[in-house]
Amino acid sequence: MAVFLIRWAHLPLRLEYSLQLIEQKSLGMVTYPVLTITICTIVMIGFLRRSAEPSRARRRPKHKVQETVIEEKKPRELHSIPFVVQSNRPVIVARRDASRLYLAALPCSTNDKRSFDEEKQSVEDTSAYVIDCATTDFLCIATDKEAQRHVLQAIDRYGVGSCGPRGFFGTLTPHVMVEREFTAFLNQPAILYPSAAVVIPSALPILCSKGDILLIPEVHSLEIARAAALCGAKVLTVQLPYLNLREILEDNGVEECATNLKSAMCKYLTSDTTREKLREFKEKLEPILTKASTEAKNTCWLVADTITKDGILCLPEILSVCEASHVRIFLNEGLGLGVLGSEGRGVPEFWCDMGYATGHHHFDLVAGSLEHAFAGLGGICTGALHLVEQQRNMGLGYCFSASAPPGLCECVRYTLRQISGILPSLRETVWALHRTLLSAGIPFVGIPGFPVVFIRLPVSETSTSIQERLLCCDDKSRFLVCIVDDQTIRISIAAKHEKEEIKELVECLADVFEK
């Protein structure tokens, strides 16, 4: 409006100038002022007519269009609760607690159609349940009322989402506090990622690129496979020493391992069988690492999962071999963070408790997941300060992904304060699981004090058939387990699983192995 008035302020001068030109009878020079006056007059008339119209009259057609669109919209439909799909019949999860999923079966026939109200009523009235042995909520934080209260308070204050990446208005107080508290918890700098799946694929391409060499184990996680495809370095597969520590439980007994695990572990690692196995691994691994280190133009990295279906990674051996060959180490701490080790710091602390110098500061980088024991969303990466800050400036998964929801960050903070109080009860449940499996004679891959075991099935059975059998028991409790591959299942328990439930599960598995 101000610009318009300024332009019209020059109109008298232009009129006077036009009259002077007309008096001089210079028709060629009169053209420009006349056109200017004409255009300005037309614009001014249009502006005055628009200003004279009432504002409601101008907005009325817009309201009419909007009302028409609303009338054409269909009424909102209510969707049922997400369900767990079974091969024979799907079941709806009505609600859950720390160890159970309360279900209601849908009609098996496609001709049997029910309204949503009837379906909802059947869900609310059901008393059927499935014991959840596929959960990774080991500390039962997801169903903790106090944790939920912290999440709701954060949502009321910050909202559900974070509204952008960390560098673009996505950093809120909960994100900063999570990084500070994990820095104190792990005794070295830490960086928070929005998802555990993007930690290694985001961090590794910064540090390992074309001309470098990347070493990965033969059996590796999806995050490592993605990172290997993105970094552009030469990828070599190696065989790493994963140990099944079930032999410690068999030789020393569960009670002795629960009271004096360090002594039992020392006896196992110094036995002739274990020393021979580690020596063979070292003889095969050393030449490969030495050759890779010399061929690499810049750096050579070893990226490995700390826990797999084959057991726990022997970090003392890996650390000694890599230090001798000048190979840098990047560990993927998936399930161990929060439950393994005396304070829940994961696999590095577990080996520290056994008397080895394998703290987090001995490795270049360690990636951990906050989506299991911490019942949150995101991942944490800890390491040297310059490596952490390099990720903060150049990591694609960090710079261009929306940051984690602030409510779940508050849940992670709450879990950090509760770990020391929940771990003793979780260990008691784990010892009960190990004791029951050993007494039933079921072979498994496990770690003393770790709430996850892997069971290799007989050749005549498949993981799908076992899952069907566990879910379709009519006279006993039904169980949900995790399928790892065609011949391997994973059983994980939480702190609030009852010993009777564990005993029933082992009895069902014992029937399979007896056949």
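## Close-up views of pockets, strands, cysteines and a cavity

**View 1. Two domains contribute to the lining of the second largest pocket.** Domain 1 (130–139 + 420–514) and domain 2 (145–417) each provide at least three residues of the lining of the second largest pocket. The model shown here and in the other views is predicted. The second largest pocket holds about 290 Å³ of space. Its lining has 17 residues. Nearest the centre of this pocket lie A258, L261, R427, W431 and G449. Four helices each supply at least two lining residues: α12 (254–259), α13 (261–269), α16 (347–353) and α19 (406–440). By class, the lining of the second largest pocket splits into nine nonpolar, four polar and four charged residues.

**View 2. The largest pocket has a volume of about 720 Å³.** Its lining comprises 29 residues, and S221, E223, D305, I307 and L335 are the closest to its centre. Helices and strands both take part. The elements giving two or more residues to the lining of the largest pocket are α9 (199–207), α10 (222–231), β10, β12 (328–333), β13 and β17 (482–485). Which element gives the most to this lining? Strand β17 does, with four residues. The lining of the largest pocket counts 13 nonpolar, nine polar and seven charged residues. Domain 1 (130–139 + 420–514) and domain 2 (145–417) each contribute at least three residues to the lining of the largest pocket.

**View 3. Three strands form an open antiparallel sheet.** The strand order is β8-β11-β10. The edge positions belong to β8 (242–243) and β10 (307–308). Each edge strand has a single partner, so one side of each has no neighbour in the sheet. Strand β11 (residues 311–313) pairs with β10 over two bridges, in the antiparallel sense. I307 has I312 in β11 as its bridge partner. I307 also appears in View 2, among the residues closest to the centre of the largest pocket.

**View 4. Strand β14 (residues 379–383) is mostly covered.** How many of its five residues are buried? The count is five of five. G379, C381 and G383 point one way from β14. I380 and T382 point the other way. Residues on either side of the strand are buried.

**View 5. Strand β14 pairs with β5 and with β13.** Strand β5 (residues 190–193) runs antiparallel to β14, and four bridges link the pair. Y193 stands opposite G379 of β14. Strand β13 (residues 365–369) is joined to β14 by five bridges, again antiparallel. Here A367 faces C381 across the pairing. Strand β13 also belongs to the elements that give two or more residues to the lining of the largest pocket.

**View 6. C300 and C322 are buried cysteines outside any disulfide.** The structure holds zero disulfides. A disulfide is a covalent bond between the sulfur atoms of two cysteines. Why does C300 form no such bond? The closest cysteine sulfur, in C208, is 7.7 Å from that of C300, which is too far for a bond. The cut-off for a disulfide is 2.5 Å between the sulfur atoms. C322 is likewise in no disulfide, and the sulfur of C300, its nearest cysteine sulfur, is 8.2 Å away. C300 has a relative accessible area of 3%, and therefore counts as buried. C322 counts as buried at 1% relative accessibility. The cut-off for buried is under 20% relative accessible area.

**View 7. The second largest cavity contains about 50 Å³ of space.** Four cavities of 30 Å³ or more are found in the whole structure. The second largest cavity is lined by P241, L278, F281, K282, L285, E317, I318 and V321. Helices α14 (272–295) and α15 (315–325) each give at least two residues to the lining of the second largest cavity. Which helix gives the most? It is α14, with four residues. By class, the lining of the second largest cavity has six nonpolar, two charged and no polar residues.

Notes: Residues are numbered from 1 along each chain as its sequence is written. This is a predicted model: local features need pLDDT of at least 70, side-chain atom pairs count only at pLDDT 80 or more; totals for chains, interfaces and linings use all residues. Side-chain values use heavy atoms; hydrogens and water are left out. Two strands pair if DSSP finds at least two bridges between them. Buried means under 20% relative accessible area, exposed over 50%, partly exposed in between (1.4 Å probe, protein chains only). On a 1 Å grid over the protein atoms alone, a cavity is a set of points where a 1.4 Å probe fits but cannot get out, and a pocket is an open set with protein on both sides within 12 Å along at least five of seven lines; lining residues have an atom within 4 Å of a point. Grid points are joined across faces, edges and corners, and a volume is the space filled by probe spheres set on the points. Ala, Val, Leu, Ile, Met, Phe, Trp, Tyr, Cys and Pro count as nonpolar, Asp, Glu, Lys and Arg as charged, and the others, Gly among them, as polar. Domain bounds come from an automatic or database domain assignment.
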